[in-house]
Amino acid sequence: MKIISCKSIIVSSLLALSATATAGSFNDISWTLENEDNLPETDASGCALKPSTSTSTSKTFKFGLTDDSNCIDGKQRDEFKYQRRTGYNRLTGYFTIDGNYSDFNKMGVAQTHDHSTSDTGVFSIYQARKENGSYIFGVQGDSNYSNNGWSDHPQVKISLDTRYKLIIKTNGLSNGNSYEDANLYLDDVKIWSSSIEVGGEEKQYKKIGAYQLTGGEGEFHVKWDSVKLYTGK
C-alpha cells in the first residue's frame with residue numbers, strides 16, 4: 001500500500017511525486033474563471049442532505065450522508081454536479097471532513113465524470129477510506145482500463161477536522177485519451193499527487209460532495225469552501 005505518513009508528509013510525498021507519470025502536460029495553459037457560467041445541479045439520493053447551489057467562490061457548502069438502515073447501500077450521494085466541458089478544465093477547492101462523524105469508510109468527496117453510465121462513467125473519484133485505524137485519501141480511475149484501481153495510485157494519510165486544498169486538472173479528449181492530474185495541499189504544502197492517464201470521454205463534468213462508494217458505510221459529513229472552476233486554453 002502506497003501510504004505516506006502524516007509526520008513525514010513533505011519528504012515522503014516529494015519522493016513519491018517524482019515517480020508519478022503523466023500522460024499529458026498542463027504547462028503554459030491560460031486559465032479563465034468560469035463559476036458564473038457553470039451552474040451546478042444538486043444530485044442527491046438515499047438519505048442525503050441537499051444544500052442549495054451558488055456560483056459564489058467564497059461560500060461554504062455542507063454535504064452529508066446519514067447512517068440509516070432504510071437507505072440503499074452504495075446509492076447514497078449528496079453532490080454538486082457541474083456542467084460538462086471539453087478540453088482543459090480545472091477545479092480548485094477546500095474540503096474538511098467532519099470529525100463528529102468518524103465511523104465511516106469508502107466515501108468519495110470529488111469526481112470527474114462523463115457521458116458513460118455506472119462505474120465506466122467515472123473517470124476519477126477522489127475518496128477517503130479507513131484502514132488500520134487511519135484515514136487515507138486517494139483516487140481510483142476509469143474501470144475500463146487496467147492499472148486504474150485504488151491500489152494503483154499513491155495514497156496519503158489525512159486527518160478529520162482539517163482543511164485540505166484539492167486541485168484537479170483535466171484535459172477531456174476523444175478516443176479514451178483524456179488525462180488528469182490532481183494535487184492535495186495542507187497549509188499550502190503539497191502532500192499528495194496523482195495522475196489518471198487514460199480513459200474517459202471527451203465531454204466531462206466535475207462533482208463535489210459526499211458519495212458512498214460500493215462497500216461504503218457510516219455517517220459522513222464534508223464541508224467544501226472556496227470552490228473555483230476554470231476552463232483552459
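**Long-range contacts, cores and ring interactions in the predicted model**

Of the contacts (heavy atoms within 4.5 Å) in the protein chain with a separation of 6 or more, 70% are accounted for by residues 24 or more positions apart. The model is predicted, so that local features need pLDDT of at least 70 and side-chain atom pairs count only at pLDDT 80 or more, while totals for chains, interfaces and linings use all residues. Residues are numbered from 1 along each chain as its sequence is written, and side-chain values use heavy atoms, with hydrogens and water left out.

The protein chain has one helix and 15 strands, taken as DSSP runs numbered from the N terminus (helices, H or I, at least four residues; strands, E, at least two). Of its 233 residues, 51% count as buried, a class defined by under 20% relative accessible area with a 1.4 Å probe, protein chains only.

The largest nonpolar core, a term for buried Ala, Val, Leu, Ile, Met, Phe, Trp, Tyr and Cys residues joined through side-chain atoms within 4.5 Å, has 36 residues, of which Phe-137, Leu-184 and Trp-224 touch the most other members. Strand β15 (residues 220–232) contributes the largest share of this core, five residues. Another core, of five residues, lies apart from it and includes Ile-29, Trp-31, Tyr-179 and Tyr-230.

The structure holds 13 aromatic pairs, for which the ring centres of Phe, Tyr or Trp (its six-membered ring) lie within 6.5 Å. One aromatic cluster is formed by Phe-95, Tyr-126, Phe-137, Tyr-164, Trp-192 and Trp-224. Two lysines are placed over rings, under the criterion that NZ of Lys or CZ of Arg is within 6 Å of the ring centre and within 35 degrees of the ring normal. The charged end of Lys-81 sits 5.0 Å from the ring centre of Tyr-205, and Lys-165 lies over the face of Tyr-185 at 5.9 Å from the ring centre.

Asn-35, in the loop between β2 (31–33) and β3 (41–45), counts as buried because its relative accessibility is 7%. The side chain of Asn-35 reaches the backbone nitrogen of Leu-229 at 2.9 Å. Beyond its neighbours within four places in sequence, Asn-35 is in contact with Thr-55, Ser-56, Thr-57, Val-227, Lys-228 and Leu-229.

Gly-218, found in strand β14 (residues 204–218), likewise counts as buried, at 10% relative accessibility. The C-alpha atoms of Gly-218 and Asn-105 are separated by 6.7 Å, although these residues are 113 residues apart along the chain. With neighbours within four places in sequence left aside, Gly-218 is in contact with Thr-66, Asp-67, Asp-103, Phe-104 and Met-107.

Definitions and conventions. Buried < 20%, exposed > 50% of the residue type's maximum accessible area, 1.4 Å probe, protein only. Polar contact = N/O pair within 3.5 Å; in protein donor to acceptor, adjacent residues only side chain to side chain. Phe/Tyr/Trp six-rings, centres within 6.5 Å; stacked < 30°, edge-to-face > 60°.
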